[in-house]
Amino acid sequence: MSGTSFLSEALLLSHVVPYLTIPLEMLCLWRCRHGMKRKRVSHLLVQAALAMFLCAMAAELLWHNFVQHWEYKNETHWLRNLFYCSLTMASFLLCVSFRGDPELDVLLGGLVVATPFVYSMQMKSALWIILILLNFFVCWRASEVLQTRLAFLFLFFSCFVNLFFLSLLFHTWNPVFHIAQDLLGTWAGLEIFVRLICWRCAPLQQTAK
């Protein structure tokens with residue numbers, strides 16, 4: 001197997017991983033639903049957020065495979081717009097799944113509504129600012145409700161590690177950084193965050209062991 005062929009298959013696999021792990025995360029959350037209710041975390045909204053993450057990953061995979069053909073181009077496309085809209089909606093749903101200020105929820109909802117218009121104007125930096133703001137409030141609320149600052153690992157991996165590898169990718173065009181962005185950025189941040197919820201909202205008999 002050639003190196004190029006191996007990288008192509010690894011790149012495709014890195015985009016398939018969420019479809020294998022997110023259903024397991026949903027199952028983990030379902031088992032902890034009573035503990036989440038005890039902590040006043042909306043089990044339904046967290047599950048909806050994960051479903052939106054899957055929608056975002058599907059849009060990205062279709063865009064890469066059928067539009068870009070895995071060539072890195074900075075062109076606009078409705079699938080890419082759908083990716084960002086689904087991603088911001090997922091972060092918003094995660095945020096409101098933790099109890100918080102309703103007035104802030106309205107403001108954050110406004111950021112989600114603005115996302116397709118920001119994308120259509122090709123304001124990529126503004127899109128990342130929206131995602132960072134949404135994920136910051138996700139982590140802030142989660143840290144208050146779950147009583148652990150480890151919640152901020154979600155922001156660190158899903159935004160800052162993601163951006164680090166994205167920057168390397170655009171400077172080198174090396175697909176290794178694309179794989180790292182997907183697995184060590186987006187996927188790792190979501191996996192850590194869900195496992196943190198499951199840990200802090202574990203059933204009482206399991207916590208006592």
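**Exercise 1.** Which helices each supply at least two residues of the lining of the largest cavity?

*Solution.* The model is predicted, so local features need pLDDT of at least 70 and side-chain atom pairs count only at pLDDT 80 or more, while totals for chains, interfaces and linings use all residues. Residues are numbered from 1 along each chain as its sequence is written, and side-chain values use heavy atoms, with hydrogens and water left out.

Step 1. Fix the terms. On a 1 Å grid over the protein atoms alone, a cavity is a set of points where a 1.4 Å probe fits but cannot get out, a pocket is an open set with protein on both sides within 12 Å along at least five of seven lines, and lining residues have an atom within 4 Å of a point. Helices are DSSP runs of H or I with at least four residues, strands are runs of E with at least two, and both are numbered from the N terminus.

Step 2. List the lining: among its residues are Ser14, His15, Phe53, Met57, Asp182 and Trp187.

Step 3. The helices are α1 (3-31), α3 and α8.

**Exercise 2.** Describe the volume of the largest cavity and the classes of its lining residues.

*Solution.* Step 1. The largest cavity has a volume of about 100 Å³, a volume being the space filled by probe spheres set on grid points joined across faces, edges and corners.

Step 2. Seven lining residues are nonpolar, three polar and two charged. Here Ala, Val, Leu, Ile, Met, Phe, Trp, Tyr, Cys and Pro count as nonpolar, Asp, Glu, Lys and Arg as charged, and the others, Gly among them, as polar.

**Exercise 3.** Which helix gives the largest share of the lining of the largest pocket?

*Solution.* Step 1. The largest pocket holds about 620 Å³ of space. Of its 33 lining residues, Arg80, Tyr84, Trp128, Leu166 and Gln181 lie nearest the centre.

Step 2. The lining comprises 16 nonpolar, 11 polar and six charged residues.

Step 3. The largest share, eight residues, is from α7.

**Exercise 4.** Compare the expected span of α8 with the distance between its ends, then describe its start and its kink.

*Solution.* Step 1. The expected span is 1.5 Å times one less than the number of residues. For the 26 residues of α8 (residues 175-200) this gives 38 Å, and the end C-alpha atoms are 36 Å apart, which agrees.

Step 2. At the N-terminal end, Asn174 caps α8, with a side-chain oxygen 3.0 Å from the backbone nitrogen of Val176.

Step 3. A kink of about 40 degrees is centred on Ala188; the bend is the angle between axes fitted to the seven residues ending at a residue and the seven starting there.

Note on methods: A polar contact is a pair of N or O atoms within 3.5 Å; within protein, one must be able to donate a hydrogen and the other to accept it, and residues adjacent in sequence count only if both atoms are side-chain atoms.
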